[in-house]
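Hi there,

Here is the structure I promised to pass on. Please have a look at it first, and then read my notes underneath.

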4 protein chains.
Amino acid sequence: MVTLGELREECGVFGVIGHRDAALLTYYALYALQHRGQESAGIASVRRDWIEARRGMGLVSEVFDDEILGELESDTAIGHVRYSTSGESLLVNAQPIVVRFKHGSLALAHNGNLINAHLLKERLEGEGSIFQTTSDTEVIAHLIARQPWSDLEEAVLAALKEIRGAYGLVIMTKDRLFAARDPHGIRPLVLGRLNGTFVVASETCALETIGAEFVREIEPGELLVIPKEGEVYSLQIDKGEREAFCVFEYIYFARPDSDFRNRNVHLVRKNLGRFLAEDYPVIADVVTGVPDSSISAASGYAEEAKIPYQMGLIKNRYLGRTFIQPTQRLRERGVRLKLNPIKQVVWGKRVVLVDDSIVRGTTAKHIVQLLRLAGAKEVHLRISSPPYRFPCYYGIDTSQASELVAVGRSVEEIREMIGADSLEFLSVKRMVEACGFSYDSFCTACFTGDYPVSLEKRVSLPNDF
Amino acid sequence: MVTLGELREECGVFGVIGHRDAALLTYYALYALQHRGQESAGIASVRRDWIEARRGMGLVSEVFDDEILGELESDTAIGHVRYSTSGESLLVNAQPIVVRFKHGSLALAHNGNLINAHLLKERLEGEGSIFQTTSDTEVIAHLIARQPWSDLEEAVLAALKEIRGAYGLVIMTKDRLFAARDPHGIRPLVLGRLNGTFVVASETCALETIGAEFVREIEPGELLVIPKEGEVYSLQIDKGEREAFCVFEYIYFARPDSDFRNRNVHLVRKNLGRFLAEDYPVIADVVTGVPDSSISAASGYAEEAKIPYQMGLIKNRYLGRTFIQPTQRLRERGVRLKLNPIKQVVWGKRVVLVDDSIVRGTTAKHIVQLLRLAGAKEVHLRISSPPYRFPCYYGIDTSQASELVAVGRSVEEIREMIGADSLEFLSVKRMVEACGFSYDSFCTACFTGDYPVSLEKRVSLPNDF
Amino acid sequence: MVTLGELREECGVFGVIGHRDAALLTYYALYALQHRGQESAGIASVRRDWIEARRGMGLVSEVFDDEILGELESDTAIGHVRYSTSGESLLVNAQPIVVRFKHGSLALAHNGNLINAHLLKERLEGEGSIFQTTSDTEVIAHLIARQPWSDLEEAVLAALKEIRGAYGLVIMTKDRLFAARDPHGIRPLVLGRLNGTFVVASETCALETIGAEFVREIEPGELLVIPKEGEVYSLQIDKGEREAFCVFEYIYFARPDSDFRNRNVHLVRKNLGRFLAEDYPVIADVVTGVPDSSISAASGYAEEAKIPYQMGLIKNRYLGRTFIQPTQRLRERGVRLKLNPIKQVVWGKRVVLVDDSIVRGTTAKHIVQLLRLAGAKEVHLRISSPPYRFPCYYGIDTSQASELVAVGRSVEEIREMIGADSLEFLSVKRMVEACGFSYDSFCTACFTGDYPVSLEKRVSLPNDF
Amino acid sequence: MVTLGELREECGVFGVIGHRDAALLTYYALYALQHRGQESAGIASVRRDWIEARRGMGLVSEVFDDEILGELESDTAIGHVRYSTSGESLLVNAQPIVVRFKHGSLALAHNGNLINAHLLKERLEGEGSIFQTTSDTEVIAHLIARQPWSDLEEAVLAALKEIRGAYGLVIMTKDRLFAARDPHGIRPLVLGRLNGTFVVASETCALETIGAEFVREIEPGELLVIPKEGEVYSLQIDKGEREAFCVFEYIYFARPDSDFRNRNVHLVRKNLGRFLAEDYPVIADVVTGVPDSSISAASGYAEEAKIPYQMGLIKNRYLGRTFIQPTQRLRERGVRLKLNPIKQVVWGKRVVLVDDSIVRGTTAKHIVQLLRLAGAKEVHLRISSPPYRFPCYYGIDTSQASELVAVGRSVEEIREMIGADSLEFLSVKRMVEACGFSYDSFCTACFTGDYPVSLEKRVSLPNDF
């Protein structure tokens with residue numbers, strides 16, 4: 001299990017054009033994408049001739065109500081849920097952002113992270129630009145506005161050619177929707193169709209939710225233009241780069257009912273569990289997974305190993321953002337809210353505990369302790385991905401490599417730290433195999449250090465903003 | 001799956017005496033009991049010499065924050081989460097209720113339903129009582145106040161002898177906690193110990209959450225008195241009645257990590273699924289369960305039937321109370337938020353769908369349709385309980401028997417209505433067997449019509465309150 | 001000026017029967033009565049066959065919105081704004097209270113204070129009553145419910161005969177409105193007519209606001225019955241007691257545009273100022289009043305004294321309940337928000353400062369300092385009422401006689417404490433004369449100790465509720 | 001009386017540097033300036049090395065609480081209250097705005113209106129700028145960022161030389177405060193000193209409130225630089241232009257306890273009333289003013305005319321932004337909340353009604369009707385300013401000249417429309433005389449059409465933002 005404190009989630013984006021329930025559909029789609037970001041939510045829509053946006057901190061259900069949606073109703077809208085990957089946790093950083101410039105008005109919603117954002121910012125500031133947020137998205141807006149082209153499409157394309165990094169991007173004007181994916185296809189973005197109108201979303205589960213039909217994924221390096229009237233067409237941002245889809249989307253980020261490359265996430269995860277059982281069998285009485293993200297892998301492990309799968313841990317679903325954390329004293333006395341073991345399932349048993357990844361190792365250590373206190377005789381930890389050893393610069397906030405438990409530690413040393421009876425990680429080769437595509441088609445940098453983009457010097461954001 | 005519209009949940013109660021973090025512990029315990037009621041939450045605590053209470057509509061996380069808890073901090077507190085079983089959805093009906101009367105002040109938190117509440121109310125009104133809520137709990141408070149006894153303990157005992165129905169009740173004074181369970185033990189109530197102090201709760205999961213040790217269940221008909229200083233002792237409300245624990249606690253209400261009668265709820269549910277597979281096998285490719293309450297039974301079925309268990313349906317966890325329901329037009333166009341099928345799991349497959357119960361049948365029908373639209377070749381519905389045919393007067397809001405799909409319909413007729421390829425229910429005999437106790441020890445009235453309490457004429461609440 | 005900390009305000013009540021905009025009219029009337037209570041606001045109305053109520057802490061504008069009012073709309077409603085005179089500041093004490101009892105349902109809204117509430121409560125508790133609030137209003141509800149009469153009207157009348165103290169009371173059933181005033185007429189209550197339907201209110205300004213015509217005051221000791229259909233008629237609670245209208249309504253409580261006994265409050269206050277100028281002239285350059293309540297008296301003084309009236313002090317109108325008080329350090333450094341002097345008005349001037357009353361003396365002292373710091377050469381304080389020396393048991397929270405600056409101090413000692421160059425109070429005789437009615441018709445107990453009701457032993461509320 | 005619907009208010013700005021309670025002082029200062037804008041409020045402060053801002057819709061008391069202020073605490077802060085003069089009513093337009101650019105970070109708070117904003121915006125957009133708000137303040141930020149100067153001070157000065165219009169502007173960096181006033185001095189801005197540190201504010205009442213001493217006004221065309229360490233010094237934006245202070249600040253905008261040019265606003269208003277009485281006497285029984293802004297002028301009239309001043313109209317102080325307006329039906333039936341006449345003051349009387357200005361005429365008409373319905377025998381309307389005939393482009397939203405009642409109407413025609421028995425306006429000459437300064441030193445354009453700035457073509461904001 002990757003907790004918020006260990007690995008922060010991605011953002012989710014959505015766009016629809018030419019549907020009379022555009023804002024409401026966006027609202028529903030954001031519910032389906034909520035797992036990708038719970039920090040802020042926003043919807044921008046075209047109202048008469050201008051663009052109106054509402055953004056707020058918190059969940060979709062906290063930001064929007066009937067009245068607000070009524071004010072946004074239109075036939076074109078984009079939406080965003082955010083978990084901060086860059087920029088601080090401030091309302092001012094909530095998306096979509098709306099800007100007015102020489103070509104009119106624009107709304108942008110962005111999932112991903114630019115690795116040359118800081119360099120671009122310095123250059124833009126040198127040219128007299130002002131920044132009102134700390135998000136990368138504003139950099140893209142400036143780049144578009146600065147292009148000499150008189151045509152907006154040219155300007156967007158030229159701007160995208162300047163940025164480096166990972167992105168699934170949706171841009172809205174009053175009569176067009178742009179959908180763009182980075183040249184490596186690191187971040188996902190899919191196209192759907194709903195009664196003759198087009199929608200774009202970070203995951204297919206958003207299409208399912210609103211009753212839209214999946215058409216295809218936006219191609220790596222593709223800039224898709226969807227006019228309100230007329231045919232959809234594609235422009236190419238860049239080519240020749242190898243595809244490098246983030247393998248972590250399969251492992252942890254995405255919702256189990258989403259598909260990428262026509263492979264279902266739940267089934268991929270189950271496969272990961274199966275392979276794990278094949279490669280690292282153990283004699284045990286029960287297999288259990290860390291809810292929710294590791295349930296699929298755990299049931300795959302159980303099936304392959306022919307050991308009964310049990311619900312060994314219960315996750316409390318009611319802990320909101322405002323939840324008051326137990327004090328140290330109460331934690332020491334056993335107050336535990338997030339996860340509770342089922343004693344009768346683990347008492348006196350040899351338990352295989354399946355988790356999807358280990359980042360800092362603190363959660364894994366905590367869970368192993370929980371199981372032992374609940375009477376587990378043995379706890380064998382099986383991780384359905386390789387050791388996480390390298391920082392991700394494309395949208396996962398583990399920039400501080402020093403906190404990664406697998407850096408500079410052998411598997412045995414990690415096992416000892418966590419306190420499990422045994423610990424095994426799926427190998428990179430087998431992980432890729434379980435996903436069903438070639439190593440070359442993935443970004444596995446966090447496991448291998450093999451970064452798909454040659455990293456220019458990435459300067460972390462200065463504090464003086 | 002029993003949805004809110006079909007079968008409303010129970011309440012949850014908790015009490016602690018003599019612990020310096022009493023209000024905070026109650027807050028954590030209510031998080032653990034939140035599944036028993038999401039309509040309102042409340043905590044009452046002893047402050048200096050009086051009782052202070054805070055109640056609000058919504059989840060624990062919505063009602064309480066740091067500041068409010070600070071104002072409630074004390075060494076004695078009780079709490080309540082409510083899903084309306086009687087009384088309307090108004091703040092005035094939120095519990096605990098606090099009253100002042102001749103013996104001082106009292107706070108009451110009540111899970112259950114009195115079947116003679118209306119008769120008692122009429123009598124009390126005739127004697128000059130006034131009612132400010134529509135909840136049964138206020139009736140109990142009046143009864144206590146009306147007793148001629150000069151001793152509070154005698155008064156509480158005498159009052160409880162007058163009430164009929166199901167209850168798990170916690171009463172707090174400034175120096176005592178009372179915990180009472182109805183003579184049949186229909187509603188659950190357990191006793192725990194935490195560093196030398198006592199706590200009571202509706203379910204053991206609340207004990208686990210706060211690090212308390214399980215001591216025993218409150219006995220049917222027992223009135224336990226826990227003084228702040230001195231020994232705990234028991235009084236008997238009534239005896240000679242047979243035990244009749246609500247079997248639906250095992251089937252649906254309780255959290256999987258709770259135990260009743262030393263049997264774990266998840267394991268009982270898995271057993272129910274196993275028995276279902278033994279009794280009603282079917283040739284199929286995949287078994288899936290309706291999240292969250294039927295997952296245990298479904299995995300039991302899968303194991304017994306040796307058919308792979310898959311996550312076939314995803315539940316959206318972010319739909320709050322303020323969620324804007326899709327319009328009819330959008331629903332027709334396929335907007336579906338609550339549950340989404342995983343196409344790749346069910347496409348072209350023969351699916352066994354396991355659910356815990358069918359009440360109105362509308363949800364089951366909806367899910368079968370979802371699976372068919374997602375490409376399931378066959379859908380075999382297996383219910384881990386018998387047909388629900390009789391109204392429950394003890395706390396489950398299915399008073400309108402006419403809405404129960406199983407009333408006046410054969411299994412075949414229900415199957416046809418729901419649109420499944422086959423439909424089977426676990427029999428009463430086997431359900432009881434799977435639970436591991438004798439038929440005589442359960443209330444199975446909703447399945448059998450065999451009510452443990454001879455029902456006096458139950459007059460539904462008049463509208464003129 | 002009497003500040004919240006010195007003398008707490010009264011409550012305001014309103015009722016209307018048989019008008020299709022009943023809830024909305026009540027809402028507007030409460031705005032007009034808001035000066036009588038800013039702690040909580042509530043409206044109860046008859047919906048179909050039962051009574052619905054909404055109450056909340058704060059101002060009318062904070063408690064009610066379009067949606068809530070929509071839910072309350074009906075043809076009969078009562079409302080209440082509260083400033084705690086008895087009972088603590090809790091939502092549970094907000095009014096109207098709604099109770100159900102043998103005669104059906106009842107809503108009560110009460111302005112005033114019962115002096116035998118505690119004795120009645122003890123008796124009722126002895127008879128088995130329970131109390132859920134600390135307000136006197138609940139006592140009245142219990143008394144009504146306890147009457148043996150089968151007729152509600154008889155029961156209300158009999159209950160009112162049992163209570164002692166000051167009240168302006170509105171009671172609503174589904175087909176009747178009762179309006180009652182204490183036998184001495186201490187608290188005000190007026191009757192109005194609006195297009196053939198009747199309304200009752202604490203002050204005439206509420207009638208003006210909703211476009212109703214003033215009919216007459218409810219008589220002291222009168223219980224007026226206003227059926228939805230049929231003629232209005234009166235019953236007599238008690239007789240033979242002398243009238244004793246609270247003179248403080250004229251001096252401070254009421255809104256300047258209200259009339260009592262056909263005399264306008266602003267004009268009475270101006271008279272008080274005039275008499276003050278006649279009795280206590282002083283050679284000065286400018287007259288100023290403490291906003292808002294002393295402006296009328298100050299302009300009366302100025303006119304009579306032929307000294308120019310100036311706005312010498314500005315009151316900040318934006319300080320809400322949540323306003324963050326300056327720390328001691330900031331206060332010492334001169335941070336002053338509530339009142340600001342106009343330097344150019346007072347600099348180098350001999351100032352006559354007119355205030356309506358002095359209770360604790362702290363505010364007066366503060367204002368005199370403000371004026372001196374702003375450069376006033378002399379500050380002559382003139383109070384348009386006599387020294388406040390006796391506690392009020394009928395609704396003004398000055399129960400702690402020890403805090404009254406005039407207790408045990410001569411006028412010269414008070415002057416010294418406050419730091420004014422001279423200080424004069426209007427005499428009781430002249431105050432009464434300025435109001436235009438005989439001494440015998442007023443309650444002047446806070447000035448004279450001459451209580452109109454023989455006070456039974458008044459036991460202050462115990463702390464163990 | 002100028003109501004919100006007729007003439008919208010100004011903004012208020014404040015800044016403090018080098019005081020450890022900077023945010024708290026700003027909070028208190030904004031309370032004192034709240035009358036200048038109730039739409040939104042904001043505070044920006046220097047935290048460690050960056051600038052943090054909190055802005056919200058509503059009153060200061062609605063936007064800020066203890067916690068938020070705690071997060072803003074620092075030794076340097078600026079604040080803003082806004083009533084939209086340009087830009088729509090959106091949170092995004094709330095100030096202060098914070099931008100990051102090549103020189104670091106900047107916060108800006110601006111009172112006033114640029115008349116060449118649209119031209120500048122077009123130019124900036126042509127150069128590739130993006131706009132995220134519709135406020136003029138963002139234009140100023142862009143202009144500063146676009147300057148070629150390597151020194152921030154030079155850049156600010158150069159930017160200010162490019163703008164035309166009215167402004168009182170406060171700019172904050174982490175170590176400096178800039179305070180600038182437009183070359184004509186149309187908008188006010190004053191300098192104060194507080195224990196050795198400097199503060200700037202729109203009005204002196206903010207200085208009084210926080211205990212600061214008035215130093216002097218910022219000069220027209222002055223850019224004052226206040227470093228955190230070191231001496232204060234001035235730069236000149238422009239010179240040679242005549243001073244043109246907005247006479248409406250005296251007449252209506254400012255708080256009565258503020259001074260401009262060392263003359264107190266209340267006293268100026270009283271003078272205006274006196275002159276009105278001299279020039280337009282009338283035989284009458286009573287003089288009354290429209291609360292709150294016309295009270296001073298009315299009492300001046302009364303004194304000069306030797307006719308008693310009375311409070312003839314009561315203003316309801318509790319109508320917040322969320323107040324539900326009476327329906328047309330209720331208005332017709334006499335529901336009136338904002339203003340209520342005192343019948344006993346006006347019944348049968350010849351009334352002089354003093355108001356500060358007439359813009360659309362609808363309020364004046366309404367008040368004359370109110371007085372007649374309350375029984376006034378005659379209503380003589382006296383306005384303490386000349387007829388308002390020309391649009392103001394410097395910050396008062398009367399851009400739609402067609403709505404001004406005085407455009408194309410003689411005084412007699414206005415009188416007829418309003419329904420008064422007589423109507424007189426103070427002349428421009430006498431108004432200026434009453435204020436105590438020469439005609440040349442004021443902007444009186446709204447009365448005379450004599451605009452101090454040669455207006456470039458002012459294009460109203462397009463709708464396509």
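**How the chains meet**

Chain A and chain B each put 53 residues into the contact between them, where two residues count as in contact if their C-beta atoms, placed from the backbone, lie within 7 Å. On the side of chain A that touches chain B, at least two residues each come from α1 (22–33), α2 (60–63), α3 (66–72), α7 (204–209), α9, α10 (295–305) and α12 (343–346). The largest share, five residues, belongs to α1(A). By type, that side of chain A has 27 nonpolar, 15 polar and 11 charged residues. Here Ala, Val, Leu, Ile, Met, Phe, Trp, Tyr, Cys and Pro count as nonpolar, Asp, Glu, Lys and Arg as charged, and the others, Gly among them, as polar.

Before I go on, a word on the basis: this is a predicted model, in which local features need pLDDT of at least 70 and side-chain atom pairs count only at pLDDT 80 or more, while totals for chains, interfaces and linings use all residues. Residues are numbered from 1 along each chain as its sequence is written, with chains lettered from A and ligands numbered from 1 in the order in which they are written.

**Symmetry**

A turn of 180° with a shift of 0.0 Å along the axis lays chain A on chain B with an RMSD of 0.1 Å; the superposition is by least squares on the C-alpha atoms of residues with pLDDT of at least 70 in both. R317(A) is the residue of chain A that comes closest to this axis, at 3.9 Å (C-alpha). The copies meet through the same surface, because 100% of the interface residues of chain A are also interface residues in chain B.

Chain D goes onto chain A by a rotation of 180° with 0.0 Å of shift along its axis (RMSD 0.0 Å). These two copies are therefore related as by a two-fold rotation axis. In chain D, S129(D) comes closest to that axis, at 3.4 Å (C-alpha).

Which chains do not touch? Chain B and chain D do not, with their nearest C-alpha atoms 12 Å apart. No contact joins chain A and chain C either, and their closest C-alpha atoms also lie 12 Å apart.

**A helix to look at**

In helix α15 (residues 428–435) of chain A, the buried residues are M431(A), V432(A), A434(A) and C435(A). Buried means that 20 or more other C-beta atoms lie within 10 Å of the residue's own, and helices are DSSP runs (H or I) of at least four residues. Seen down the axis of α15(A), the buried residues fall within an arc of 160°, so they line one face of the helix. Just after α15(A), G436(A) takes a positive phi of about 95°.

Best wishes

Notes
A residue is buried if 20 or more other C-beta atoms lie within 10 Å of its own, exposed if 12 or fewer, and partly exposed in between; C-beta atoms are placed from the backbone. The arc is that of the directions from the helix axis to the C-beta atoms.
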